[in-house]
Structures are given as C-alpha cells and as structure tokens.
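Student: I have a structure open on my screen and would like to understand the labels people attach to its residues. Could we go through some of them together?
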Amino acid sequence: MLKDNPRGNYMIDQYKPPFCYELAGRRFVIAMDDGFDHTLNFLDGHYVEWNIGDGEPKKEKYECLKGDDTTFLVSMEISGCEKRMNHTFVIDLENMLVTRIIAKNGENPKYPYINNTYFEFGAIYKEDGSLEFRRHSHTSDMIGTVIQWCYGNKMTTVHVYYTTSFYRITYPRDRVQTEEERKKAEEMNAMVSALPSSDEPAVYIKIKPNMYLVSITEMNMEKIIAGKVPYRSNTMCFLQNYDRLYQVGRTFGAMTLPEGDVPLNLMFGAYGKFTEVEQEFIDAPNPFTT
C-alpha cells in the first residue's frame, strides 16, 4: 500500500520502488552449496521464519524488492547477534536458484566498522523434490561497462566496472547539478582526493541473461580515512536489470555522527543509462594492488 512506502529519508532511497509483498505465504526449502538445507517461510509481507537444517525456526523482519517479474531481492538483519549481520537473498523463481550474501560487521579487530561479505549459491527444491544442477555464477560479463545511476533528484553517480574484483565511482559529466548536488559532489571529491583512488572491492554474479548482482564494500576508504567522513564501511549490493536498465539494492553499515553511530540497513532503487568516462579513468592502475 502507498502508506507503507513513504518517500525515502536518504538521498539513495528516493527512487526506491514500492516494497514487494508477493512472497507472503510462500515457503522455500533451499539446498545451499554449503551442505545445509535452508528454509525461508514468508509468514506475511513483513516477517519470515528461517532455519538451517533441523534448527529451530527464527522469526525476522524482512524487506523485498523485485528485479523483474520472477526475481526477488530479500534483505533481513539478523537479530540477537553480538555483532551486526545481514542476510540478503536473490530468489530467482524462473530458474529455481538462490544466491545469498552474508554481511558481517565487526569481525576485524583493527577496523571494527569494516563489513566482511560471504557468498553462497543454491537451488530451490521443486514440487517433485528435484533440484536444478546449474547455479548463479561469478562473471566477467560486465567488465568495461560504465553506467550512470540516478537514485533520486539529489543523487546520481557513475559506476565503472573495469575489473572482476574492483569498481570505481565518479560523477556525471553530462548534466547540470543543483547547488546541493554540487556541494555533495565537492564533499565526495574531497574525500576521494584523500585516497589514492576510488577503487573498492567488488563481486559480480550473473543471475540470468541481462541480470547481474553487483556487491561492493567500502574497505579502502575505511582503512585510510576512517572517521573523517560520516559514512563508514558500508557494503552495498545492486540487483541490476539490463533489459529495463534499472536496479534495486540494499546498503548495510553505519554513519558516525557527533551524537553517535547510526546503523544503516535500507533498500533503494535507481534508474540507469550507459555513459562514458575519460579512457584514462578506466585504464588507470589500481593503487591498492601490486
């Protein structure tokens, strides 16, 4: 309902589409490649019971957005953990396949704000008990792609997917920015100028033709300028639909404000277009690698 989907509070979630409640009442048993069966029982449009193997089901609040008519991005923060943890699922009902990202905060004793991410693949049991043998997979399909993503009327960024393990971020060259956008861009440019470059670790996973899951984690920024900017080591995943040229995603991490830490765990959407950047921006060496 419209009342359940107010305008986002952050620049990144203004164009978030309405939450999807289509999984309500559905139950999936997933054979994950870690060797355990995982069950997701969507009680309604807001809560899911989940368990691993014969473990006791646990109830969590979840949010869901659609990548297309049969592909769902489901995000839930796991309650009761000593350190914050998020589970995000790509549920692909066209192929009966699942990818899960586990994001854990606080595992690094020297950089406690850094999020570590872990990826698992699996298949949903069909009605006859059979399983698809294929899996979603790591891919190099996107290498060389440059996309301009618009998240709202005050936030537009350009992603450069130039290698299978990193990405770069910059700002549009072809549009007039508002004064607030220019200010934010100057702040971001000042932050990036304090770094050797904007390169951050990235993972690229092919879900199906023209649909990809991209995961990035702000690790280098956290290690070098930790605490000098509000945003800490957020990990973001983007389920990108290249037939419709839009994406849905989630961010998980924190902001550090004068009054204390503000946990972030929110979903967003963006509209994209192919664009270009200077060739040297693509060809520049990654200063964080040997």
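Student: Why does Thr139 count as buried?

Tutor: Happy to help, and keep in mind that this is a predicted model. Buried requires under 20% relative accessible area, and Thr139 has 13% relative accessibility, so Thr139 counts as buried. Thr139 sits in the loop between strand 10 (137-138) and strand 11 (145-152). Beyond its neighbours within four places in sequence, Thr139 is in contact with Thr164, Tyr204, Ile205, Lys206 and Tyr212.

Student: And what makes Thr71 buried?

Tutor: The cut-off is under 20%, and Thr71 comes out at 0% relative accessibility, so Thr71 counts as buried. Thr71 is found in strand 6 (residues 71-77). Among the residues Thr71 touches are Val90, Ile91, Ile207 and Leu239.

Student: What makes the pairing of the side chains of Thr71 and Asp68 a polar contact?

Tutor: A polar contact needs N or O atoms within 3.5 Å, one able to donate a hydrogen and the other to accept it. The side chains of Thr71 and Asp68 make such a contact at 2.7 Å.

Student: How do you know that Arg135 and Asp33 form a salt bridge?

Tutor: The side-chain nitrogen of Lys or Arg must be within 4 Å of a carboxyl oxygen of Asp or Glu. For Arg135 and Asp33 the closest N and O atoms are 3.1 Å apart, and the pair forms a salt bridge. Arg135 lies in the loop between strand 9 and strand 10, and Asp33 in the loop between strand 1 (27-32) and strand 2 (37-42), so the pair ties together parts 102 residues apart in sequence.

Student: Why is Arg135 called partly exposed?

Tutor: Partly exposed lies between the buried limit of 20% and the exposed limit of 50%. Arg135 has a relative accessible area of 28%, so the label fits. Asp33, at 49%, is partly exposed too.

Student: Lys208 and Glu94 also meet in a salt bridge. Which of the two is buried and which is exposed?

Tutor: Their N to O distance is 2.8 Å, against a limit of 4 Å. Lys208 has a relative accessible area of 7%, so Lys208 is buried. Glu94 has 51%, and exposed means over 50%, so Glu94 is exposed.

Student: What makes strand 8 and strand 9 a pair?

Tutor: Pairing takes at least two bridges. Nine bridges join strand 8 (residues 97-105) to strand 9 (residues 115-124), and the two run antiparallel. One of the links into strand 9 is between Lys104 and its bridge partner Asn116.

Note on methods: Residues are numbered from 1 along each chain as its sequence is written. This is a predicted model: local features need pLDDT of at least 70, side-chain atom pairs count only at pLDDT 80 or more; totals for chains, interfaces and linings use all residues. Side-chain values use heavy atoms; hydrogens and water are left out. Helices (H or I, at least four residues) and strands (E, at least two) are DSSP runs, numbered from the N terminus. Buried means under 20% relative accessible area, exposed over 50%, partly exposed in between (1.4 Å probe, protein chains only). Contact means heavy atoms within 4.5 Å.
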